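The following paragraphs go through burial, charged pairs and aromatic pairs in turn. Please keep the sequence and the coordinates at hand while reading.

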Amino acid sequence: MPRQVSQDTAELCRAQSKQATLGSMPPRQVSQDTAKVCRAPSKRGMPPRQVSQDTAELCRAQNKRATLSSMPPRQVSQDSAGVFHHSASLHLPEVSRSSELCTAERSSSRQSVSSVTSEHDPRSKRLSFIDCSIDDLDELILAESEGADWFKDFWGTVLTQQPVCRALSNRSLVNWVAIYNRWQAAGKWTGQAPEYLNSYELQEWLAAPLTRVLELVKLFDPAGHGKVSMTKAPQDHYKVKVPVLPLMSACLVMSQTMSNRQKLRFLLGMFDLDDKGSLSMREFASMLENLLRGLGCLFKVKEIPRTIATAARSIFEQFRGGTVPMHELEMWFSGKTFHPFAVPFALLLQRFSADSQIIDPDSYNDDSRKFKLSHQKPVEEPLESFAVQDNAFLNRSEVVIAREVFQYCLSTGFFSLSHEDAEKGIGKPIDVDIWCKRMSRALEEANTIRGSGARFDFKTFLKKLCPKATNTHLHMFDCWLQEFDKLQEQKACLERTRQMSARFKEYRSQPMLSERMRNELKTSFNVVDRSDCGRVTTVDLQVCMEVERCTAKSMMRYFDVNGDGFVDLEEYIAAMCPPGYRMPSDVKDNIFDVLLSAQVSKEEELVAQKEAFFEGKASPGRRAKDFIRKQVPDEVWNEWNTAWETLDKSHLGYLNCMHLKQSRALPADMCDFMFNLIAEDAEGDKITKHQFLTQLLESSGFRFRNGISSE
């Protein structure tokens, strides 16, 4: 029998080699050859049962291997490993020794899989939720701090792979607060809450079946889970040790029912042990360590970084002071500071963000009513987030239409009208469902109430439209209407900015004032300068221009850029520059082009986002540029500083609108607009160097370079 087995298996190996080319054969030929391979053993005298089992397993392994080249890299590596392991478990030593062809094929297949995997390295692929890769992050962070260990392999797993368990991802904020209260109550609100929970405690606190609890135990206490699985003894459940902080930290971040703001407030609040609204270095390091440990368990990362404390200290040192306020940490974790080491955390939040599907009620509450954790007393039940598409409430566009219908009815004094009349009255289509289910009934009730002489305002009308609305909802509706009104202002600002950008581009395309023209204007100035002192007065303008005194005063205000009450030669030439020409300037005007172009893009994105909200469309997702910014190149930074020094010739340390006019880099009628654009939210009528450079960084998509100060 052994010899017969050897012959048959040798034939199988030859058939196996032939089948390696199946991918290039026509479908019919493939099926025929596969059938031949599967029928081959039946031609011999082997025991039928052994033949059928062994050949069936070999055929399954062959078929699986034949599809490797069309699989994604990760699947290829997993499945190919399974194929080789599977073949080895057939207990047919004659197969592995009878033909060198089988060994060669295995080696070739391994090399093929290896090359496919290397060509499609997950770290070089774009992340599924944003347009960047792990290698992009690596380049960014190493440019910031050469040789820094930012846990690339760890974040590569967390940002590209799927978590092993998402058992708690649908728990609401209210549920998590209840769990937190039970946990702190176990420590009698003294800051001594237990660090670990056993299986039964975790089951009680999570109010979940034991089987679901054991899924978490398997990840967070593998040794304890192994013991329980082996013995099935109840006493071993009491020996399980699931770390509370890593579990809660990681599960909170991956929640699909909480906004990013709620996640960060909860996460940071757990480690704010003195409830002062800030974290110390020790608390910050503890938070990072527990968060990364928890993520490592949920994603089954092979090795948790061992230098978390060192990394935490390095990050914390960028903040000034012994403690860091919560709002600064929230900005850091959200990626709004554009610090490279914050980017992985910001991308983590973005990957599991539910912000586009839910509305955070804290966005419409004052600080005293916003959700906040405490280590000294039970946390009050917070307001629950609600879905954007919740049919029990109104959406943004419906609130806007409701106001327009209400205002139209007030203007006519008549609240009983048809769907067609309402559409004509406001000049917009009204969804039939909202009209039939809500608005017609609310208008009828409004008509009845007004007929009785009772007061009926828009807030009451909203309550009739949406009976389940609370005061928080009504406040949210009011905020939406304010946003809509502001959107109309933003559209007008966008149009104004576009006009200014086009005006500046036209100005840049004009030729410089020629020397001949300048000499002609200089001769004209000498005529107006009757006293030959190099300065022209209001009287000089009145006499030489033969105009009324009030007109001469107006001309003086236009000519006199520096406001000293006189017009010098340069001011006169700039004011009298012929249309179609521009004045020479020492300032590179591309700086102002950058500012204007960036402002147009910024306003267009803002308007598009707001319009999407009010049209019920999904808002555009965040992009890599919302998190990642490279350091400003030296040559660009030097160019900006040179521009500042040229504008601030007197070394005052600030600029005003007069300095922009004197630079001659802009048309005179654009200087006020450009000054307001650079100053933005600055107080007073001055621009500091820091404001000037910061605005350029913002517009250019760069950030400050290490060791460079704008002061």
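A residue is called buried when its relative accessible area is under 20%, exposed when it is over 50%, and partly exposed in between. Asp 136, at 25% relative accessibility, therefore counts as partly exposed. The model is a predicted one.

Asp 136 is one half of a salt bridge whose other half is Arg 126, with 2.9 Å from N to O. Arg 126 belongs to the loop between helix 6 (100-119) and helix 7 (134-144), while Asp 136 is in helix 7, ten residues apart. In total, the structure holds 25 salt bridges.

Another of these pairs the side chains of Arg 508 and Asp 593, at 3.1 Å from N to O. Here the partners come from helix 24 for Arg 508 and helix 29 (residues 590-614) for Asp 593, and 85 residues separate them. Arg 508 is partly exposed because its relative accessibility is 30%, whereas Asp 593, at 18%, is buried.

A third salt bridge joins Arg 629 to Glu 698, with the closest N and O atoms 3.1 Å apart. Arg 629 sits in the loop between helix 29 and strand 7 (630-631) and Glu 698 in helix 33 (residues 689-700), so this pair ties together parts 69 residues apart in sequence. Arg 629 is buried at 10% relative accessibility, and Glu 698 is partly exposed at 39%. Salt bridges with shared partners also connect Lys 505, Arg 508, Arg 582, Asp 589 and Asp 593 in one network.

Helix 24 (residues 471-509) also contains Gln 490. The relative accessible area of Gln 490 is 14%, so this residue is buried. Apart from neighbours within four places in sequence, Gln 490 is in contact with Leu 606, Val 607 and Lys 610. Burial also marks helix 14 (residues 244-253), where nine of the ten residues are buried; among them are Leu 247, Met 248 and Cys 251.

Turning to the rings, the structure holds 28 aromatic pairs. Tyr 180 and Trp 183 form an edge-to-face pair, because their planes meet at 70° with the centres 6.0 Å apart. Both residues are in helix 9 (residues 173-186), three residues apart, which means that about one helical turn separates them. An α-helix has 3.6 residues a turn, so residues three or four places apart point the same way. Tyr 180 has 0% relative accessibility and is buried, and Trp 183 is buried at 6%.

Phe 284 and Trp 332 are likewise edge-to-face, with centres 6.4 Å apart and planes at 80°. Phe 284 lies in helix 16 (residues 281-298) and Trp 332 in helix 18 (residues 326-333), so the pair ties together parts 48 residues apart in sequence. Both Phe 284 and Trp 332 are buried. Ring pairs place these two in a cluster with Phe 154, Trp 155, Phe 316, Phe 319, Phe 333 and Phe 345.

Charges also meet rings. Arg 629, the salt-bridge partner of Glu 698, lies over the face of Phe 338, 3.9 Å from the ring centre. The charged end of Arg 535 sits over the ring of Phe 566, at 3.7 Å from its centre.

An unreviewed UniProt entry places the feature "domain: EF-hand" at residues 259-294 and 552-582. Residues 259-294 are 72% helix and 8% strand, with end C-alpha atoms 20 Å apart. For residues 552-582 the end C-alpha atoms are 24 Å apart, and the span is 48% helix and 0% strand.

Notes. Residues are numbered from 1 along each chain as its sequence is written. Side-chain values use heavy atoms; hydrogens and water are left out. UniProt positions are given in the numbering used here, feature names are shortened, and annotations may be inferred rather than shown by experiment. Helices (H or I, at least four residues) and strands (E, at least two) are DSSP runs, numbered from the N terminus. Buried means under 20% relative accessible area, exposed over 50%, partly exposed in between (1.4 Å probe, protein chains only). Contact means heavy atoms within 4.5 Å. A salt bridge is a side-chain nitrogen of Lys or Arg within 4 Å of a carboxyl oxygen of Asp or Glu. Rings of Phe, Tyr and Trp (its six-membered ring) pair if their centres lie within 6.5 Å; planes under 30 degrees apart count as stacked, over 60 as edge-to-face and the rest as tilted. A charge sits over a ring if NZ of Lys or CZ of Arg is within 6 Å of the ring centre and within 35 degrees of the ring normal.
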